[in-house]
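The following report goes through a two-chain model, beginning with the predictor's confidence and ending with individual residues. It is meant to be read beside the coordinates.

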Amino acid sequence: MDLNFFFEVLIGGLLAGVMYSLVAIGFVLIYKASGVFNFAQGAMVFFAALTYVSLVERGWPFWLALCAVLALMIVLGFAIERVVLRPLVNQPQITLFMVTIGLAYFLEGVAQGVWGAQVHALEIGIQDAPFTVAGISLSQFDLFASGTAAALVLVLGVFFQKTKTGRALRAVADDHQAALSVGIQLKYVWAVVWAAAGFVALVAGLLWGARTGVQFALTFTALKALPVLILGGFESILGAIVGGLIIGATEKLAEVYIGSSIGLNIGTGIENWFPYMLALVFLLVRPEGLFGEKRIERI
Amino acid sequence: MDQSTFASRLTFHDAIETMEVDFSNFVFADAAVVDAFYDHIDQRVAATARRWYFLVLYEGCEIAPEAWERFAARGKHANITYGLGTVRVHPSDSTRETIRSRAERETFRANIFDTRDQAMVALGEMRKRREILGTSTTDAYLRVQDIHLNFGGVKALTGVSFQVHRGEITSIIGPNGAGKTSMINVISGFYRPTRGRIFFDGADRTHLPAHRVAQLGFARTFQNIALFKGMSTLDNLMAGRRFRHNLFLDALYVGPAKREELRQRAEIESIIDFLEIQSIRKKPVGRLPYGLQKRVELGRALAMQPKVLLLDEPMAGMNVEEKEDMARFILDVNDQWGTTIVLIEHDMGVVMDISNHVVVLDHGAKIAEGTPAEVRADPVVIRAYLGVAH
């Protein structure tokens with residue numbers, strides 16, 4: 001076996017996995033704080049990317065467009081809490097899940113209604129020329145994406161661990177009652193969490209958009225985040241990262257090695273279903289995920 | 001020594017309850033002079049048949065070393081017998097030092113000021129404090145009035161009223177299912193009462209939601225412990241801390257946000273020392289033993305610098321030693337910070353030693369109220385706890 005080739009596939013897979021992690025982190029933020037599975041995360045990614053690319057195409061400078069979309073995503077987070085979630089406080093989780101599906105359609109519709117539905121190329125100034133380290137050729141763009149993701153995780157980490165607001169977010173994620181008893185306002189925390197998820201969606205949207213073009217298919221990144229979450233656990237940012245890396249690496253390895261070695265006609269497109277199968281196996285063996293909280297229910 | 005000299009040195013300001021004593025440029029050469037002056041003072045004050053604040057002017061006053069013992073003794077006697085408080089103006093350096101060292105030794109306040117004006121301002125403050133204290137001992141700090149709480153058809157509380165006085169420890173006791181925890185949940189804003197009102201410090205706060213009640217100065221603990229289990233002891237206490245902060249500065253973790261964070265950390269450390277939980281500062285609280293978790297939960301409540309501390313069975317499930325520790329902490333909190341405490345306990349014995357006032361609930365209604373001794377002897381209470389023979 002060609003070892004260099006193996007590492008190339010592995011590293012390429014890991015770097016691609018980082019992109020999945022980025023989307024998954026958005027899910028984790030909201031799920032941790034409010035127990036809502038936000039089906040609209042993919043739509044938020046699409047919404048952010050499309051708005052950004054449309055502004056740039058209308059001649060806005062890079063930084064201004066970035067700041068404008070960031071502000072828009074934060075406002076959107078607060079608005080979602082106020083208009084969508086607050087009237088539904090104390091409703092069953094399935095209701096909240098349904099409302100995020102509605103939200104997804106709304107965001108997709110608004111984004112395409114305002115900016116149009118055609119595919120846009122997004123240029124963020126990173127060349128995708130491969131370069132070689134120790135005989136292994138790597139994608140420059142994927143490396144950049146990983147660096148961005150690492151920086152994002154670092155920023156979120158400091159925010160969550162070291163600041164008053166971050167501590168309030170963790171407190172709410174941990175125990176709603178206790179959080180109320182120390183004077184933390186749940187509504188405010190939810191708004192902040194949605195705004196943070198919007199910020200993550202923006203970063204993910206720019207990187208995915210630069211890679212695949214800004215198109216409606218971006219909303220399906222949310223589906224790829226599902227197996228990542230099942231692997232890593234819905235409550236853990238670390239889980240989202242590790243889950244993303246595992247999914248990214250295994251799907252590429254499976255595509256290359258299983259597909260070619262079995263010699264059956266399943267060879268192409270393994271990476272499209274392999275993550276889901278892996279998630280299915282995980283659900284059977286360890287349903288709470290690698291880093292999720294084990295639920296012990298009293299009967 | 002001429003009596004008229006003394007007389008002219010005393011002035012009574014009726015409006016501000018203050019007697020001005022002018023020692024300026026006076027020389028206390030020996031004990032006899034001290035006695036003469038103080039005999040006159042005592043006589044004049046006694047004649048008014050009331051207590052006074054003393055404003056003492058020391059400018060240029062000299063007290064001979066051999067007269068000091070006598071001077072201090074007579075002064076102390078006058079303060080204890082007739083005084084509401086004393087402020088001293090501009091003593092010479094040596095006198096100042098002597099007063100300070102005596103104040104430290106005998107634990108009275110030196111209250112030394114450079115000018116008469118400053119002393120007058122301080123006097124005003126002292127009088128204001130006494131007025132507030134005076135009213136608070138008669139008026140309730142927290143007043144719960146005719147509280148009803150229904151869950152569908154189940155009546156958890158029916159017309160419960162009681163008062164909590166500032167700085168006291170009030171216990172709510174009762175058998176299982178008496179409505180004690182419901183009462184705490186109503187006071188802390190977790191339940192909205194079906195009927196009735198809650199007044200705090202004179203203002204109606206019946207309809208405030210839980211987080212606003214907490215911001216108002218009510219901290220609570222839970223019967224089944226509600227800690228942030230995945231967070232460290234330190235973070236749990238910090239989460240209880242309320243301080244000004246700004247989301248965007250927080251997000252960047254720069255400048256003021258970082259400075260304030262560090263300043264608050266220092267204050268939290270003093271609570272950690274107080275509760276003797278230094279060794280578990282960084283441990284995730286979910287893994288701590290039960291007794292320590294209870295202590296951390298108390299710590300988180302204290303971190304809020306509460307005006308009223310609501311404790312829901314703080315000693316439940318503890319062994320004797322842990323119970324004694326907890327009782328000591330509760331008393332210390334009450335002593336050191338003057339925190340008003342409302343305490344729920346199932347076990348009657350535990351609370352009797354530490355409570356000023358006891359409210360007894362049974363089947364959602366108040367059946368007795370009073371001092372621990374009164375409640376203990378109340379036949380209705382005994383029947384509720386022991387049941388009646390059928």
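Chain B of this predicted model has a mean pLDDT of 84, and 90% of its residues reach 70 or more. Among the elements of chain B, the lowest mean pLDDT, 63, belongs to H9(B), whereas the highest, 94, belongs to strand E14 (residues 308–312). Where pLDDT is low, the predicted coordinates should not be read in detail. For the complex, the predictor gives an ipTM of 0.72 and a pTM of 0.68.

**Chain A and the nonpolar cores**

Chain A contains eleven helices and two strands, and along the sequence these follow the pattern α-α-α-α-β-β-α-α-α-α-α-α-α, with the two strands coming after the fourth helix. Of its 299 residues, 47% count as buried. Among the contacts in chain A between residues at least 6 apart in sequence, 74% join residues that are at least 24 apart.

In soluble globular proteins, nonpolar side chains tend to be buried together. The largest nonpolar core of the model comprises 158 residues, and those with the most contacts inside it are A:Ala49 and A:Val193. The element that gives the most to this core is helix H8 of chain A (residues 186–212), with 20 residues. When neighbours within four places in sequence are left aside, A:Ala49 is in contact with A:Leu122, A:Gly205, A:Leu206, A:Trp208, A:Gly209, A:Val214 and A:Leu218. A second core, separate from this one, has 22 residues, including B:Phe23, B:Val34, B:Leu55 and B:Ala119.

**The contact between the chains**

Chain B contributes 27 residues to the contact and chain A contributes 22 residues. On the side of chain B that touches chain A, the elements giving two or more residues are helices H7 (210–216), H8 (233–240), H9 (247–252) and H10 (255–274) of chain B. H9(B), one of these helices, is also the element of chain B with the lowest mean pLDDT. By residue type, this side of chain B divides into 14 nonpolar, six polar and seven charged residues.

Helix H10 of chain B also holds B:Ile268, which counts as buried because 22 C-beta neighbours lie inside 10 Å. Not counting residues up to four places away in sequence, B:Ile268 touches B:Leu234, B:Leu237, B:Met238, B:Arg241 and B:Ala303. The C-alpha atoms of B:Ile268 and B:Leu237 are separated by 6.8 Å, although the two residues are 31 residues apart along the chain.

**A sheet and a buried helix in chain B**

Four strands of chain B form an open sheet with antiparallel pairing, in the order E9-E8-E11-E12. Strands E9 (154–164) and E12 (203–204) stand at the edges, and each has a single partner strand, so one side of each is left without a neighbour in the sheet. E9(B) is joined by seven bridges to strand E8 of chain B (residues 142–151), the two running antiparallel. Within this pair, B:Val144 has B:Phe162 in E9(B) as its bridge partner, and B:Ile147 has B:Val160. The hairpin of E8(B) and E9(B) has two residues between the strands, and in it B:Gly152 takes a positive phi near 55°.

Helix H6 of chain B (residues 180–187) is largely enclosed by the rest of the structure, because seven of its eight residues are buried. The buried residues are B:Lys180, B:Ser182, B:Met183, B:Ile184, B:Asn185, B:Val186 and B:Ile187. After H6(B) comes B:Gly189, which has a positive phi near 85°.

**Positive phi outside glycine**

Positive phi values also occur at B:His90, which is not a glycine, and at B:Asp201, likewise a residue other than glycine. The places of these two residues are given below.

| Residue | Phi | Loop in chain B |
|---|---|---|
| B:His90 | about 45° | between strand E6 (83–89) and helix H4 (93–106) |
| B:Asp201 | near 50° | between strand E11 (195–200) and E12 |

B:His90 is partly exposed, as 19 other C-beta atoms lie within 10 Å, and a residue needs 20 or more to count as buried. B:Asp201 is partly exposed as well, with 16 other C-beta atoms within 10 Å. The loop that holds B:Asp201 leads between E11 and E12 of chain B, two strands of the open sheet described above.

Methods:
Residues numbered from 1 in each chain as written. Chains lettered and ligands numbered in written order. Predicted model: local features only at pLDDT ≥ 70, side-chain atom pairs only at ≥ 80, totals over all residues. Buried ≥ 20, exposed ≤ 12 C-beta atoms within 10 Å, placed from the backbone. Pairing = 2+ DSSP bridges. Contact = placed C-beta atoms within 7 Å. Nonpolar A, V, L, I, M, F, W, Y, C, P; charged D, E, K, R; others polar. Core = buried A, V, L, I, M, F, W, Y, C linked by C-beta atoms within 7 Å. pLDDT = per-residue confidence, 0-100.
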